[in-house]
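Q: Could you take a close look at one part of this protein for me, the aromatic rings and what lies around them? I'm new to this, so please explain the terms as you go.

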Amino acid sequence: MSSETPSTSPSAGVSKAAGDKPRVAVVFGGRSSEHGVSVLTAGAVLRAIDREKYEVLPIGVTADGRWALTSDDPERMAIADRRLPAVTELAESDAGVVLPVDAGSREVVLSEPGQVPKALGEVDVVFPVLHGPYGEDGTLQGLLELSGVPYVGAGVLASAVGMDKEYMKRVFTSFGLPVGPYVAIRPREWESDPAAARKKIVDFAGEHGWPVFVKPARAGSSMGISKVDDLAGLDDAVEEARRHDPKIIVESLLRGREIECGVLEFEDGPRASVPAEIPPVSAHDFYDFEAKYIDSATGVVPAPLTEEQTARVRELAVAAFEAVSCEGLVRADFFLCEDGEFVINEINTMPGFTPISMYPRMWQEAGIGYPELVDRLLQAALRRPTGLR
């Protein structure tokens with residue numbers, strides 16, 4: 001792979017003639033609470049893309065939803081003073097980027113009030129590294145399907161199901177995959193009759209035991225999650241989760257080991273990576289956002305499992321990928337419970353993707369380095385048509 005330092009000018013190389021190398025639009029940031037995590041991921045992807053093989057167009061989405069052409073400088077997309085980066089720090093102008101909405105065109109346009117729109121040329125493939133709602137949940141994927149632009153990762157349905165923890169678990173159950181006890185509280189339940197919704201959670205805890213974990217149903221990076229030991233902390237936990245999503249999910253504590261496994265789609269179908277283990281993190285009750293991204297807690301790769309356990313978790317990871325009709329990539333998260341059985345907790349259709357993130361590390365251990373992983377995903381997306389498939 002090329003070690004050439006990318007240009008810091010966002011307008012460098014935006015014209016594209018027939019026969020030139022494919023142009024990749026790396027779309028990142030977004031309106032979700034995982035905005036900063038997405039910028040971190042984008043910096044790693046931009047650094048890894050082979051500039052001798054691809055042209056790159058970095059497009060950031062601000063926290064309020066504005067699309068902007070940004071600096072192509074990965075060094076600016078890093079944590080500084082324990083603070084995550086933001087797209088507003090990278091945008092080169094107030095002009096907005098407009099993706100095509102006509103399936104007959106892949107032309108990207110730069111639009112500034114009072115100015116004639118400027119064509120930036122066609123995009124051949126989009127690498128959407130947005131995490132959470134408004135990017136990982138099928139919304140962006142739907143736009144790209146309407147535009148006829150190929151993209152990396154899961155399609156509309158799989159993205160939506162993979163984002164909603166309730167429906168994800170319902171799909172898993174329908175395919176016979178083992179899931180832990182949970183209960184969902186939908187927005188209308190809490191808003192119309194909070195006492196009844198609270199009782200529903202208390203009854204669940206009475207059946208399965210305290211503590212429970214209260215989570216936003218459609219969020220990631222462990223944001224908005226609280227471990228609740230008794231009724232006294234329940235309302236605060238619900239409100240914290242609802243800051244991220246009006247729909248919440250409550251899960252029982254599963255005692256055991258946290259195991260993760262990556263899935264990557266090859267030409268002959270999906271394959272599972274070497275699994276990893278997330279050990280308990282001192283000073284943190286669980287593997288929360290601070291542990292993951294600020295204090296840089298890390299997992300053990302490969303996980304110290306028996307051959308039979310490794311084969312089983314890899315089998316379950318691929319089964320989860322297929323159950324949700326995923327494409328491209330998935331990270332599947334499991335608990336290896338005290339009875340020796342695996343329970344699937346969730347999948348991530350666009351997992352954390354920096355070089356130190358678990359998904360790339362698992363594939364590194366399996367023999368696929370980070371630049372090759374990025375290239376494989378782009379090549380798979382370029383081969384795949386949009387539309388029904």
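A: Let's start with two rings: phenylalanine 353 and tyrosine 370 are both buried (under 20% relative accessible area, with over 50% called exposed and anything in between partly exposed, using a 1.4 Å probe and protein chains only). This is a predicted model, where local features need pLDDT of at least 70, side-chain atom pairs count only at pLDDT 80 or more, and totals for chains, interfaces and linings use all residues. Residues are numbered from 1 along each chain as its sequence is written, and side-chain values use heavy atoms, leaving out hydrogens and water.

Now for the pairs. Rings of Phe, Tyr and Trp (its six-membered ring) pair if their centres lie within 6.5 Å; planes under 30 degrees apart are stacked, over 60 edge-to-face, and the rest tilted. That rule gives 5 aromatic pairs. In one of them, phenylalanine 334 and phenylalanine 342 have ring centres 6.3 Å apart and planes at 80 degrees, so they are edge-to-face. Phenylalanine 334 is buried at 2% relative accessibility, and phenylalanine 342 is buried at 5%.

Back to our first two: the ring centres of phenylalanine 353 and tyrosine 370 are 5.4 Å apart and the planes are at 50 degrees, so this pair is tilted. Phenylalanine 353 sits in the loop between β16 and α10 (358-365), while tyrosine 370 belongs to helix α11 (residues 370-383), so the pair ties together parts 17 residues apart in sequence. Helices (H or I, at least four residues) and strands (E, at least two) are DSSP runs, numbered from the N terminus. Ring pairs also join Phe353 and Tyr370 with Phe127 and Tyr359 in a cluster.
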